[in-house]
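Colleague: Hey, I'm new to this one. Could you pull it up and walk me through it?

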Amino acid sequence: MDWNQQRLADAFGARAVWIWGAMIVGQGVCRALQRAGLSVAGFIDSSPAMQGQTALGYPVCAPEPVLEQAQAGNAFIVIGSGHHDQAIEAHCREQGLIAEHDYLSSRWLNDIDPSIDVSGLCNLHCISCPQGNLSDRPPTGFMALDTYNAILNKLLAELPFLGSIQLYAWGEPLLNRQLPAMIAATREAQVLSAISTNLKAARDLEAVVAARPDWIKVSASGYGESYSIGHTGGNWEQFLVNLRQLAQLREQYHPDLQIVLNYHLYRHSLGASYRAMQALCDELRLIFRPNMAYLYSLDNVLDYVEGRPLSPEAQRTLELMLLDIDSGLERARQRRHLPCPEERCLPINWDGRVRFCGVYFKPFIADDFLATPLSDILARRQGSAFCERCMSHGLHHYTAVYLEERILDDGL
Ligand code: SF4
Ligand code: SF4
């Protein structure tokens, strides 16, 4: 039986509801429960860095006391973690908690994470990204506010427990002048909003922050002179000015705004660059998140494994990557029997078309999201010949291999 508002209310009873996972997925779950009129006591997070903080105005606690409350029949746990949900579920079971009675996974409420690419255009041409390394790109443009609102309403109707929307995929959202109104509409609908920006254009930054998005991710791949090697076409001085302005606008308009700095690790962005960026994040109170850089999109990677030539930009990316592509692909191949984590993605393009999934740039699966039931779109993808081809190489785990890879501190 599917979960609905009544079934959740019955399951929770008079118990305090805690969400395990205080980051974007967990916060999205919080918004979905609030929308359904269900109250939340707070968040649990295993990360000591999160404990004692607040998220969406609720306290973030360590798991142990809440687990004890749940064992005593006084708390219900909703797991809202993107990467660790299965490990958390296993932990709940080990503690004697019963699925659906004492805890549930937010995947059972909603297993789709939509992204809406409000801008098909980017003002950089990073060599690791299809905007910089593919020549035959689809047409670009901006989504209109009316279209965005119609898509938001359709998503809410088709996904009653929709938690969050990413207002970006392969473009620079700050280029769309209607972004502040789109963020405001998302907030009004009680859905969590996240944007990702290269901060090259700060023209509307104040209006964007004042519209109160929940998360802003900023990407960088070096410090000082090394910045523009990966962020091709970028200007370090301008980036720094805009990053400082963003931190200042947060204090002025929206202190709860979470700002993440996604730092792409290449051969040229380690050592002094890495440490300088980490110190800057500490100074500006940004969440510093270093991740291995990798060749993207998977259109390129599929070409590589199937022996087709790559563009010079894609070749250059291969030279700069820390984990070489053959090793990365070998690790991904070892996981090819595992389910595809990308099936959660629903990437809606600026023109209303739907991309095949979140990691491919060129193939589309639906011409018009608004005119196509979501169930039809998902059915087209499930078990498709294209998915089979992708999985035969293990490519559905390619990004996870790089995102999970960590480098030792002394390697920096
Ligand atoms: S990685 Fe981001 S900033 Fe760079 S070209 Fe792609 S979309 Fe633009
Ligand atoms: S199997 Fe490949 S093509 Fe299919 S959804 Fe997963 S990543 Fe995308």
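Modeller: Sure, here is a quick tour in questions and answers. Keep in mind that this is a predicted model.

Colleague: Okay, ligands to begin with. Which residues are around ligand 1?

Modeller: You'll find Cys122, Leu124, Cys126, Cys129, Gln131, Trp170 and Asn198 around ligand 1. Sorted by class, that shell has five nonpolar and two polar residues, with no charged ones.

Colleague: How many disulfides does the structure hold?

Modeller: Zero. A disulfide would need a pair of cysteine sulfur atoms within 2.5 Å.

Colleague: Back to the shell of ligand 1, then. Is cysteine 126 buried or exposed?

Modeller: Cysteine 126 has a relative accessible area of 14%, so it counts as buried, the cut-off being under 20%.

Colleague: And what about cysteine 122, how accessible is it?

Modeller: Cysteine 122 comes out at 27% relative accessible area, so that one is partly exposed.

Colleague: Now the other ligand. Where does ligand 2 sit?

Modeller: Ligand 2 is in the largest cavity. The residues around ligand 2 include four cysteines you can look for by number: Cys340, Cys357, Cys387 and Cys390. The rest of the list is Glu342, Phe356, Val359, Tyr360, Phe386, Met391 and His396.

Colleague: How does that shell divide by class?

Modeller: Nine residues around ligand 2 are nonpolar, one is polar and one is charged.

Colleague: Switching to the backbone. Which residues does the cis peptide bond join?

Modeller: Tyrosine 296 and serine 297, with omega at about -10°. Serine 297 belongs to the loop that runs between strand S12 (287-292) and helix H12 (298-305).

Colleague: I also saw a positive phi at leucine 56. What's the value?

Modeller: Phi there is near 50°, and leucine 56 is of course not a glycine. Leucine 56 is in the loop between strand S3 (54-55) and strand S4 (58-61). Its relative accessibility is 25%, so leucine 56 counts as partly exposed.

Colleague: What is the phi of arginine 212?

Modeller: Arginine 212 has a phi of about 65°, a positive value, and it isn't a glycine either. To find arginine 212, go to the loop between helix H8 (205-210) and strand S10 (215-220). At 34% relative accessibility, arginine 212 is partly exposed.

Colleague: Let's try a strand. Where is serine 115, and what does it touch?

Modeller: Serine 115 is part of strand S7, residues 113-116. Leaving out residues up to four places away in sequence, serine 115 touches Gln166, Tyr168, Ala169, Leu346, Pro347 and Ile348.

Colleague: Why does serine 115 count as buried?

Modeller: Because its relative accessible area is 9%, and anything under 20% goes in that class.

Colleague: Next, alanine 144. Which loop is that in?

Modeller: Alanine 144 is in the one between helix H5 (130-133) and helix H6 (145-158). With 37% relative accessible area, alanine 144 is partly exposed. Not counting residues up to four places away in sequence, alanine 144 touches Gln178 and Met182.

Colleague: How far apart are alanine 144 and serine 119 in space?

Modeller: They are 9.6 Å apart, C-alpha to C-alpha, with a sequence separation of 25 residues.

Colleague: Last one: which helix holds glutamate 319?

Modeller: Helix H13, residues 312-320. Glutamate 319 has 48% relative accessibility, so it counts as partly exposed. Its C-alpha atom is separated by 18 Å from that of aspartate 299, and the two are 20 residues apart along the chain.

Technical notes: Residues are numbered from 1 along each chain as its sequence is written. Chains are lettered from A and ligands numbered from 1 in the order in which they are written. This is a predicted model: local features need pLDDT of at least 70, side-chain atom pairs count only at pLDDT 80 or more; totals for chains, interfaces and linings use all residues. Side-chain values use heavy atoms; hydrogens and water are left out. Buried means under 20% relative accessible area, exposed over 50%, partly exposed in between (1.4 Å probe, protein chains only). Helices (H or I, at least four residues) and strands (E, at least two) are DSSP runs, numbered from the N terminus. Contact means heavy atoms within 4.5 Å. A residue is near a molecule or strand if one of its heavy atoms lies within 4 Å of it. Ala, Val, Leu, Ile, Met, Phe, Trp, Tyr, Cys and Pro count as nonpolar, Asp, Glu, Lys and Arg as charged, and the others, Gly among them, as polar. On a 1 Å grid over the protein atoms alone, a cavity is a set of points where a 1.4 Å probe fits but cannot get out, and a pocket is an open set with protein on both sides within 12 Å along at least five of seven lines; lining residues have an atom within 4 Å of a point. A molecule sits in a cavity or pocket if more than half of its atoms lie within 2 Å of its grid points.
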